[in-house]
Amino acid sequence: MNRIGRRAILRSILGVVLLPLLRSRRSGSTQAASLLVEQLRRPPQERQGATRKAFYRADVTILLLSLPIYRRRGAGGGCVEVEQRRDADRDSLAIRFSAGSYPEQARGLNRLGYIEEVIISRASQVEELAYFGFLTSSREKDVAEARRALEESGQTAVTYSAAEGHIRSGAETSRKSSLNLPDVHTWTQTGPLLEQVRTAFLADTEAETHTRKHQGAPATFLFSLLSAAWGRESTFEASYSYLAKDYHMRVEKKADLETGRRMAQDGLTHLPDAVVLLNLTYARPRAGVEDLDAL
């Protein structure tokens, strides 16, 4: 399966604003608490504006000495939803992405992830962003560990890594947790799983928290990637933050006519000539290339 960026980012508030917020979250009940991303986006009943939704199919290709030796079509899938809203001079952009494997197509292996970002801007300038996401915690680094994961794919519980954050010019805060939950959902059941993870995350009083000063314009992973996809430039670069760490993204974009024709044959697109390939690389500016193994 193509690795879909695992990615990105959320809510921070300066001194007087941040401290009361954190105190109210921890002293109040779980029902009264809310995720940082929920404090930026509109309630469902108040949401109006343009919403776009797209579904994806993920194929697996195993390479040996750079040569493909095994392919499995439809081993997983994904869904991205983009919601745009404008209130007076305030623009709101919400990006939700979920993806994972189909256990029946992946020898029982159930891997999934979800992330949501909300971006608030005025006069085309981003003012603040928030994010919340989670994914199954998988640490397979070699063939032996991958085989072991397949053998244990029938387990009744699974570990999720969950994180949230907020970024505003001058300040950033983030929170990370590891949660053990029943293995009863796949990526297509994001709704009930999201509520289950959300409840456990808000109730975790031992979650790892980071705060720091933030320099420059706020940016997150999905927002940066979407900006690259929507832009006209063939090369896009951006710096973004995740869990109080800085990353740099470079995206090279080019037309992919072969994939476009193949997708058209499978009924996945009516515009094969519009299909483009995004080649993404990212790195920690001071620590070299690094895997986003937390999200």
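How much accessible surface does the chain have, and what percentage of that surface belongs to carbon and sulfur atoms? The surface comes to about 16,600 Å². Carbon and sulfur atoms account for 51% of that. Keep in mind that this is a predicted model.

Let's start with the whole chain. There are 295 residues, and 42% of them count as buried. The secondary structure comes to 5 helices and 11 strands. Now the contacts. Take those between residues at least 6 apart in sequence: 65% of them join residues at least 24 apart.

On to the interior. In soluble globular proteins, nonpolar side chains tend to be buried together. Here, the largest nonpolar core has 25 residues. Look for L93, I95 and Y240, which have the most contacts inside that core. Which elements give two or more residues to it? Two stretches of strands and one helix. From the N-terminal side, we have strand 2 (67-87), strand 3 (90-101), strand 4 (112-122), strand 5 (125-136) and strand 6 (157-168). Then come helix 4 (221-230), strand 9 (235-242) and strand 10 (245-255). Helix 4 gives the largest share, 5 residues. There is also a second core, separate from that one, with 24 residues. Among its members are I120, F132, F134 and Y160.

Next, the sheet that involves strands 9 and 10. This is an open sheet of 3 strands, in the order 9-10-11, and the pairing is antiparallel. Strand 9 and strand 11 (276-283) are the edges, each pairing on one side only. From one strand to the next, the twist averages 25°. Between strand 9 and strand 10, count 8 bridges. For a landmark, find F236: V251 in strand 10 stands opposite.

What lies across these strands? Helix 4 does. It lies across strand 9, strand 10 and strand 11, and runs at about 25° to strand 10. Recall that helix 4 also gives 5 residues to the largest core.

One last residue: Q125. You will find Q125 in strand 5. Is Q125 buried or exposed? Exposed. The relative accessibility of Q125 is 54%, and the cut-off for exposed is over 50%. Now look across to P218. Q125 and P218 are 93 residues apart in sequence. In space, C-alpha to C-alpha, Q125 and P218 are 9.6 Å apart.

That's the tour. Questions, please.

Methods:
Residues numbered from 1 in each chain as written. Predicted model: local features only at pLDDT ≥ 70, side-chain atom pairs only at ≥ 80, totals over all residues. Heavy atoms only, no water. Core = buried A, V, L, I, M, F, W, Y, C linked by side-chain atoms within 4.5 Å. Buried < 20%, exposed > 50% of the residue type's maximum accessible area, 1.4 Å probe, protein only. Helix = DSSP H or I, 4+ residues; strand = E, 2+ residues; numbered from the N terminus. Contact = heavy atoms within 4.5 Å. Areas by Shrake-Rupley, 256 points an atom, 1.4 Å probe, with all protein chains shown as cover. Pairing = 2+ DSSP bridges. Axes fitted to C-alpha atoms, helices over the stretch in contact; angles between N-to-C directions.
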